[in-house]
Amino acid sequence: MKPFSRITGTGSYLPPRRLTNADLAAELAANGVMTSDDWIVERTGIRARHFAAPGVFCSDLGLEAAKLALLAANVRAQDIDLIIVATSTPDMVFPSTACILQNKLGVAGCAAFDVQAVCSGFVYALTIADAMIKTGAASKALVVGAEVFSRLLDFKDRTTCVLFGDGAGAVVLEASDTPGILASDLHADGKHVGILCVPGHVSGGNVLGDPLLKMDGQAVFKLAVGVLDEAARAVLAKAGKKASDIDWLIPHQANIRIMQSTAKKLKLPMGKVIVTVDQHGNTSAASIGLALDAGVRSGKIKAGDLLLLEGVGGGFTWGAVLLNL
Ligand code: UT7
């Protein structure tokens, strides 16, 4: 049995419908909701987001990202023995989006399940896949973060609807003789459920509660900055590395100001941070995979680089993964 796990391919996908801040502001203004490109850019760094077309589901976005990751890893779908999808916007209440994705990939038999950790979903899913590979429960895992967050947005609430978008990111994680994933650190604190949630559920054929996203942005912001720093330091300590060893920080893409603050605390220049939030807004569980793939495909991230991935989101959940690509 090989003792380590290593990412061997990355992929990502954004649905074709792209709205700039100006496009979205114009649509919102038609319904009496006022915002501006200036406000969105200054407070968040977001310039555009992608929205999936009606009838396009989480598994469809995940499928496109997964196909690219498999191609990059030179692995056939039938050779995958574990599929994990991190999402808060599954196709159905059940079965899992991972099972639907498995079928769309044209394969059957391997373990497939979803992880629900909202914007921390990608680091949660990667950590689970790493643990399963290291125990011999799997040897070639497909880890996907995919979201159609536009379906949860209240377009009358300008404090949230300008922030989020749809997309997917994926990696193939394989058993390896050389270390890839070096350390992980996952946390949750359920007492903060109310600061970021979609407080609805299905019961008796009806949706009860309010199935639209609610967020106390400032509370999330303050918590995020603190816990991301703690998680970063925890994985560095576990792996015996220093912040200055990091080649690339790949944070959850929610707000450029949170990323700047995280980098500053670690004394990393912004030139070592992969930033894609400007192009797709906050895509929740998809964002770290999207940013990782963008960094790899742009040529910035190279084989062997030390990467710090970190996520934070509803739950409240947070975590980090330190790895050599
Ligand atoms: O993925 C999970 C992680 N989520 C996050 O990381 C989100 C964390 N939070 C944030 O990113 C920020 O708190 C926000 C971007 C959500 C908000 O930025 P802020 O600097 O905390 O703004 P604010 O909530 O203090 O609002 C400032 C002003 C308010 O007006 P007044 O009360 O000062 O007159 C808001 O009503 O900005 C107003 N405002 C807007 N104006 C134009 C809020 N949303 C908008 C908008 N357009 N879209």
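Me: How do you know where domain 1 and domain 2 begin and end?

Reply: The bounds come from an automatic or database domain assignment, which places domain 1 at 4-176 and domain 2 at 181-324 of the protein chain. This is a predicted model, in which local features need pLDDT of at least 70 and side-chain atom pairs count only at pLDDT 80 or more, whereas totals for chains, interfaces and linings use all residues. Residues are numbered from 1 along each chain as its sequence is written, and side-chain values use heavy atoms, with hydrogens and water left out.

Me: What makes domain 1 and domain 2 partners in contact?

Reply: The C-alpha centres of the two domains are 14 Å apart. Contact requires heavy atoms within 4.5 Å; 52 residues from domain 1 and 46 residues from domain 2 take part.

Me: What does "bury" mean for domain 1 and domain 2, and how much area is involved?

Reply: Buried area is the accessible area (1.4 Å probe) that two parts lose on being put together, summed over both. For domain 1 and domain 2 it comes to about 3,700 Å², of which 62% is on carbon and sulfur atoms. On the side of domain 1, C119, V123 and Y124 lose the most area to domain 2, together 16% of what that side buries.

Me: What joins domain 1 and domain 2 across the interface: salt bridges or polar contacts?

Reply: A salt bridge needs a side-chain nitrogen of Lys or Arg within 4 Å of a carboxyl oxygen of Asp or Glu, and the rule finds zero of them across this interface. A polar contact is a pair of N or O atoms within 3.5 Å; within protein, one must be able to donate a hydrogen and the other to accept it, and residues adjacent in sequence count only if both atoms are side-chain atoms. By that rule, 27 residue pairs are in polar contact across the interface, both residues being at pLDDT 80 or more. Elements that each supply at least two residues of the side of domain 1 that touches domain 2 include helix 2 (37-44), strand 3 (48-50) and helix 5 (121-134). Helix 5 gives the most to that side, with eight residues.

Me: Why is the pair D60 and K104 called a salt bridge?

Reply: The N to O distance between the side chains of D60 and K104 is 2.7 Å; the limit is 4 Å, so the pair qualifies. D60 is in helix 3 and K104 in helix 4 (residues 97-104), 44 residues apart, and the pair thus links distant parts of the chain. The structure holds twelve salt bridges.

Me: What makes strand 1 and strand 5 edge strands?

Reply: Strands (E, at least two residues) and helices (H or I, at least four) are DSSP runs, numbered from the N terminus, and two strands pair if DSSP finds at least two bridges between them. The open sheet of five strands has the order 1-7-6-4-5, with mixed pairing. Strand 1 (4-13) and strand 5 (111-115) each pair on one side only and are its edges. Within this sheet, strand 6 (residues 140-148) and strand 7 (residues 166-176) pair in the antiparallel sense over nine bridges; G145 has G169 in strand 7 as its bridge partner.

Me: How do you know that strand 13 and strand 14 pair?

Reply: Four bridges join strand 13 to strand 14 (residues 306-313), and at least two are needed, so they pair; the two strands run parallel. L249 has L308 in strand 14 as its bridge partner. Strand 13 belongs to an open sheet of four strands, in the order 8-15-14-13 and with mixed pairing. The edges of this sheet are strand 8 (181-188) and strand 13 (248-251).

Me: What makes F94 and P95, and the phi of N74, worth singling out?

Reply: Most residues other than glycine have a negative phi, and most peptide bonds are trans. The bond joining F94 and P95 is cis, with omega about 5°, and P95 is in the loop between strand 4 (82-86) and helix 4. The bond from G315 to F316 is also cis, with omega near -5°. N74, in the loop between helix 3 and strand 4, has a positive phi, near 60°.
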